[in-house]
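Could you walk me through this structure? I'm new to it and would like a guided tour.

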Amino acid sequence: MARHHGLDNLCAIVDVNRLGQSDPTMLQHDMEGYRSRWGGFGWQALVVDGHDMSALLAAFDTAANTKDKPTVLLAKTFKGKGISFMENHPSWHGKPVAKGEETRRRSMS
């Protein structure tokens, strides 16, 4: 409907973090797969590093200047980014981080 009505003021963001609740998702980080699927529905699909603020701002600028169709930002991200023992590990999805000595010990690994 968004494409049909030419909603060029609509911008969606999809967090493509590759992980489901217990296993990797079907497409994982196949960003071209995501881009082609959204493009098939008439959306302008922009792949962006979801951890890079400059890239995100540039993509929002592109979206704001797009005419006659909606835009989706496909933000490639990694769960737990920057935390050595957590980053991109499915076993940490949806689990709290332990407090105290255990956290300090794990962060050094």
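Here is a short walk through some parts of the chain.

Keep in mind that this is a predicted model.

Let's begin with helix α1, which spans residues 31-40. Which of its residues are buried? Met31, Gly33 and Tyr34 are. These residues cover an arc of only 160° around the axis, so they sit on the same side of α1. Here a general point about helices helps: an α-helix has 3.6 residues a turn, so residues three or four places apart point the same way. Turn to the other side of α1 and you meet Ser36 and Gly40, which are exposed. And what covers the buried residues of α1? The cover includes strand β1, strand β2 (44-49) and strand β3 (71-76). Once α1 is done, Gly42 follows, with a positive phi near 90°.

Now step back to the loop between β1 and α1, where you'll find His29. Is His29 buried or exposed? Its relative accessible area is 18%, and the cut-off for buried is under 20%, so His29 counts as buried. The side chain of His29 reaches the backbone oxygen of Val16 at 3.1 Å. Leaving aside residues up to four places away in sequence, His29 touches Val16, Asn17 and Arg18, and also Lys76, Thr77 and Phe78.

Gln28 sits in the loop between β1 and α1 too, and it has its own quirk: a positive phi of about 45°, although it is not a glycine. Most residues other than glycine have a negative phi. Gln28 is partly exposed, with a relative accessible area of 32%. Asn88 is another non-glycine residue with a positive phi, of about 65°. You can look for Asn88 in the loop between β3 and α3 (101-107). With a relative accessible area of 23%, Asn88 is partly exposed.

Next, the surface. Which residues make a nonpolar patch of about 310 Å² there? They are Ile13, Leu57 and Phe60. Ile13 belongs to strand β1, residues 11-16. Its relative accessible area is 53%, so Ile13 is exposed.

One last stop is helix α2, residues 53-64, which holds Ala58. Ala58 is partly exposed, at a relative accessible area of 44%. The C-alpha atoms of Ala58 and Asn17 are separated by 20 Å, and the two residues are 41 residues apart along the chain. Asn17, you may recall, is one of the residues that His29 touches.

Definitions and conventions
Residues are numbered from 1 along each chain as its sequence is written. This is a predicted model: local features need pLDDT of at least 70, side-chain atom pairs count only at pLDDT 80 or more; totals for chains, interfaces and linings use all residues. Side-chain values use heavy atoms; hydrogens and water are left out. Patches are made of residues with over 30% relative accessible area and no salt bridge: like charges are joined within 9 Å, nonpolar side chains (Val, Leu, Ile, Met, Phe, Trp, Tyr) within 5 Å. Accessible areas come from the Shrake-Rupley method with a 1.4 Å probe; for residues, only the protein chains shown count as cover. A salt bridge is a side-chain nitrogen of Lys or Arg within 4 Å of a carboxyl oxygen of Asp or Glu. Helices (H or I, at least four residues) and strands (E, at least two) are DSSP runs, numbered from the N terminus. Buried means under 20% relative accessible area, exposed over 50%, partly exposed in between (1.4 Å probe, protein chains only). The arc is that of the directions from the helix axis to the C-beta atoms. Contact means heavy atoms within 4.5 Å. A polar contact is a pair of N or O atoms within 3.5 Å; within protein, one must be able to donate a hydrogen and the other to accept it, and residues adjacent in sequence count only if both atoms are side-chain atoms.
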